[in-house]
Amino acid sequence: MSGANGTGRDDFAARLLDWFDHSGRHDLPWQHPRTPYRVWLGEIMLQQTQVKTVIPYFERFVGVFPTLASLASASLDEVLAQWSGLGYYARARNLHAAARWCMERHDGDLPRDHAALVALPGIGRSTAGAILAQAWGERAPILDGNVKRVLSRYHGIEGWPNLPAVEKLLWTLAQAHLPDERLADYTQAQMDFGATLCTRANPACMLCVLREDCVALGQGRVEELPTSRPGKPLPERSALILLAENADGEVLLQRRPPTGIWASLWSLPEAADHEQARHWFETNLQGDYDQAEALAEIPHAFTHYRLRMHPLRWRGLAARGRVGDNDDLRWVARADLLSLGLPAPIRKLLAQPAPR
Ligand code: SF4
C-alpha cells in the first residue's frame, strides 16, 4: 500500500512503532504479564474510560479475580462490587457472562479466534482484534475511536466515521497498514498515538511522525476531520494568538502556511498551547515570555468549526529579537499593518488602539 499522499511506500506502521518505542506507554499493568485474560479485562475497562482512571480499578480487580476461572466462579454481585465506580456496568455483566461462557465452551480460556471472540458478550470487532494482537501477536486490526480519527486524518477520509460505508473503508485501511511483526506493540502504539498526539482537539502535528504524508495536514483539513456526526453542533478549537510588539512600536507578523485557513496570509503567529507558544517566543524573540498580557478572547466561526482565539501580548521587546532574514516572519510598523491582507479577526484585534 502506498503512503497516504501516494508516495509509493507504506511506512505508517514502522513510523508508529518508532514513535511508540520512545513515546508510547510501556508500563501498563495489562502489559505485564500480557495474558489473554488481562488484555481482555484491560480492553473492556478502557471502553469509554481513560487509562489513568482504569489502572487502579484494573489492579484491584485482578487482585480479587486473578484468573478467568476465578471471575467465572464469582457471583455477579461480587464482580459488580469490584467494578463499582467505573461506570457502564453492562461491561461488568458482559465480562462475567463471557467468563462463564469460556469455562463452558472454551476450556476455561479466551478463544484464539476472531469469530469466537466476537460471539462473546461485550466483545466487538475492534476489541476482538485488540485481544488477538496483544495476547497472541496475531495480525488483527483494531478500529476504536482513536484509530478512526488518525486514519480519517492521515488519509483525508470524509464522512462521519461511524457511517457504515466510511467505517468499512477505515477497516480496509486499518488492515492494509498492519505490520508483519510486533502486533501487540503496534496495537498499543495506535491507541497511544490517538490518545496523546493526534488528539481530537489541538493535535501535535508539529511533532507528528506521520506529518509528511498526512493528507489532512497537507490540505489544511485537520480541524474538520474526522467529520462530525451529522447534525451535531460545530466542533470548537482554541488557539493562542501571539502579539509581539517591539520598542519601535512594530508588530511581528508571520505568513500562514500555503494550505488551510487563511492560507498564505500574513497574520499573528498562533500556538496550540503555552508550551508551543513559549517555544516560538524563545526561538524568535528576546524577552520574558511570562510577561505576556492576556487580552480578551476573540471567537470566530469557520465553516467546519469554531475557533476561540486567546491573544497574548508582549510590549517593548528588543527591536529585532532573534528574527533574521526570514520570508515568513516580519516586523511591521503599526501604520502599515492595515494595508496587508490580514484575516478579519486579526485585523480587528490589531486595529484596537495602540498601547501607550
Ligand atoms: S499530522 Fe496531525 S493530523 Fe496528521 S496524523 Fe499527525 S497529528 Fe494527526
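In this predicted model, helix α9, which spans residues 145-155, contributes three residues to the lining of the largest cavity, the most of any element. That cavity is a good place to start, for it is the space taken by the ligand. Its volume comes to about 110 Å³. Of the 15 residues that line the largest cavity, those closest to its centre are R153, C198, C205, C208 and C214. The lining as a whole is made up of 13 nonpolar and two charged residues, with no polar ones.

The ligand itself offers a second view of this region. Around the ligand are R153, L197, C198, C205, C208, R211, C214, L217 and V222. Sorted by class, this shell holds seven nonpolar residues and two charged ones, while polar residues are absent.

A search of the whole structure returns two cavities of 30 Å³ or more, which leaves one further space to describe. The second largest cavity has a volume of about 40 Å³, and its lining consists of F12, L16, V147, V150, L151 and Q190. Here again α9 is prominent in the lining: with three residues, α9 provides the largest share. Helix α1 (12-23) also takes part, as α1 and α9 each supply at least two lining residues. By class, five of the residues lining the second largest cavity are nonpolar and one is polar, and none is charged.

Helix α9 thus links the two descriptions, giving the most to the lining of the largest cavity and the largest share to that of the second largest cavity.

Terms used. Residues numbered from 1 in each chain as written. Predicted model: local features only at pLDDT ≥ 70, side-chain atom pairs only at ≥ 80, totals over all residues. Heavy atoms only, no water. Near = heavy atom within 4 Å. 1 Å grid on protein atoms, 1.4 Å probe; cavity = no way out; pocket = protein on both sides within 12 Å on 5 of 7 lines; lining within 4 Å. Sits in = over half its atoms within 2 Å of the grid points. Nonpolar A, V, L, I, M, F, W, Y, C, P; charged D, E, K, R; others polar. Points joined across faces, edges and corners; volume = space filled by probe spheres on them. Helix = DSSP H or I, 4+ residues; strand = E, 2+ residues; numbered from the N terminus.
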